[in-house]
Amino acid sequence: MASAAPNPPSSTDVAPLRLERGLIARALIDEAAETLKEMMGGGEADDLDACVDQLRDADRTKLGAVYDAFRETLIFRRVVTDPALAAVAAEMTGAVRLHSPFQHCVFRMDLAGEHWRGFGWHQDHPYNMLSERSVTAWLPLTPTGPHNGSIEIAAVKSDRLYPVEVRQKRDADGTRRATRDAFITTALQPAFDAGAETLTLDPGDVVLFGNRMVHRSGFNPGPRHRYSIQARFGDLLAPGMVARGWANRRAEGFDTFKTLYPQLIDFEEA
C-alpha cells in the first residue's frame with residue numbers, strides 16, 4: 001500500500017512558496033508572446049489565442065513544432081536567465097552558484113477544452129532531481145487563474161516526498177506518448193483537493209516554490225488558452241549534488257529518482 005512506503009526524512013531546508021508580483025519586465029513577456037505569434041504566422045495585431053486556434057485547425061503538427069521550437073529562441077533563454085529571477089532563486093536556495101539545467105526549463109501551452117492535458121498532483125523533485133533546496137519558478141505569458149486552470153497549490157505541509165505512480169502520457173484517444181509522468185499515487189490524490197488554492201497571476205508575475213510543494217496545473221475550461229514558462233534552480237555546490245556527480249533527470253525516465261528512492265515507486269507502467 002502507498003501509505004506504508006517508507007519516506008526519506010523530513011527536510012527543514014525546502015524553500016517555501018513565494019509570490020513575486022511584476023518580477024519579470026513586462027517588455028520581456030510581451031516580446032515572448034509576440035515571438036509565439038510570429039512563429040504561428042500571425043501579425044503584430046493578431047491575438048495570440050486566435051493564432052493558436054487558426055494553426056490548431058489548419059496544421060496541428062506545425063503547432064507542435066512551434067511548441068518545441070519556442071524553447072530554442074533567444075527570448076525564452078532571456079526569460080529563464082533573467083537576473084531578477086535568478087536573484088530570488090539564489091536567495092531561496094541559498095546557492096552561491098545556481099544549478100539550472102536547461103532541460104528543466106519548460107514551455108507549456110495548455111489549450112482550452114483539452115481535458116487530457118491537465119497535469120495531476122505531483123512534486124517537482126522526481127521530475128528534476130536537483131539539490132534538496134531546489135525551487136521551481138512558474139510564470140505566465142498571459143493572465144492566468146481559475147478561469148483557465150492555473151497552477152493549484154495543495155494545502156499540505158511540503159516537508160516529505162510522496163510515493164508516485166510512473167505512467168505513460170496519453171493523448172485524447174488514449175494513445176501512449178513517448179514521455180512519462182510521476183504523479184503522486186492515486187489513493188493519496190483526493191486528500192489534496194480540499195483547501196487547494198488556485199493562483200491568479202498576471203504576465204510578469206512569478207510564483208516560486210520548493211521541490212516538495214504538492215501542486216498541479218488544472219484542466220483548462222477556456223475559452224482562453226494558458227501559456228506558461230517553468231524554470232528550475234538548485235544549488236550547484238550542494239554536497240549531495242557534488243557527491244553524485246550532479247546526476248539529475250536528463251531523459252524522460254525517472255532513473256535517478258528510482259535509484260535514490262526505490263521505496264517511493266508505488267507503481268510503474270510497463
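1. A contact here means heavy atoms within 4.5 Å of each other. With that in hand, and remembering that this is a predicted model, F107 is a friendly place to start. Setting aside neighbours within four places in sequence, F107 is in contact with L36, Y67, F70, R71, F76, L141, Y227, S228 and I229.

2. Several of those names return in the core. The largest nonpolar core holds 36 residues, and M40, F70, F107, L141 and I229 touch the most other members. Apart from this core lies another one, of 12 residues, including M129, L161, F254 and F257.

3. Next, have a look at strand β12, which spans residues 226-235. The strand is mostly covered, with 10 of its 10 residues buried. R226, S228, Q230, R232 and G234 point one way, while Y227, I229, A231, F233 and D235 point the other way, and all are buried. You may like to colour the two sets separately when you view them.

4. Which strands pair with β12? Strand β2 (residues 98-99) does so in the antiparallel sense over two bridges, and there L98 has D235 as its bridge partner. β3 also runs antiparallel to β12, joined to it by five bridges; in this pairing R108 stands opposite S228. β5 is a further antiparallel partner of β12, this time over six bridges. Within that pairing, V135 is matched with F233 and T136 with R232.

5. Strand β5 itself covers residues 135-140, and six of its six residues are buried. Is one face of β5 covered, or are both? Both are: V135, A137 and L139 lie on one side, T136, W138 and P140 on the other, and all of them are buried. Besides β12, β5 has β10 (residues 206-210) as an antiparallel neighbour, joined through four bridges. In that pairing, the bridge partner of W138 is V207.

6. Now for the largest pocket, which may be of interest if you plan to look at the cavity side of things. Its volume is about 1600 Å³. The lining is made of 50 residues, and Y67, R108, F119, K169 and T179 lie nearest the centre. Two of these names have come up already: Y67 is among the contacts of F107, and R108 is the residue that stands opposite S228 in β12.

7. Which elements supply at least two residues each to the lining of the largest pocket? They are α3 (60-69), β3 (106-110), β4 (119-122), α6 (125-128), β7 (164-170), β8 (176-184), β11 (215-217) and β12. Among these, β8 gives the most, with seven residues. By class, the lining of this pocket has 16 nonpolar, 14 polar and 20 charged residues.

8. A last point concerns R26, a residue of helix α1 (residues 26-39). Why does R26 count as partly exposed? Partly exposed covers values between 20% and 50% relative accessible area, and R26 has 47% relative accessibility, so it falls in that class. R26 and T259 are 233 residues apart in sequence, and their C-alpha atoms are 42 Å apart in space.

Technical notes
Residues are numbered from 1 along each chain as its sequence is written. This is a predicted model: local features need pLDDT of at least 70, side-chain atom pairs count only at pLDDT 80 or more; totals for chains, interfaces and linings use all residues. Side-chain values use heavy atoms; hydrogens and water are left out. Buried means under 20% relative accessible area, exposed over 50%, partly exposed in between (1.4 Å probe, protein chains only). Two strands pair if DSSP finds at least two bridges between them. On a 1 Å grid over the protein atoms alone, a cavity is a set of points where a 1.4 Å probe fits but cannot get out, and a pocket is an open set with protein on both sides within 12 Å along at least five of seven lines; lining residues have an atom within 4 Å of a point. Grid points are joined across faces, edges and corners, and a volume is the space filled by probe spheres set on the points. Ala, Val, Leu, Ile, Met, Phe, Trp, Tyr, Cys and Pro count as nonpolar, Asp, Glu, Lys and Arg as charged, and the others, Gly among them, as polar. A nonpolar core is a set of buried Ala, Val, Leu, Ile, Met, Phe, Trp, Tyr and Cys residues joined through side-chain atoms within 4.5 Å.
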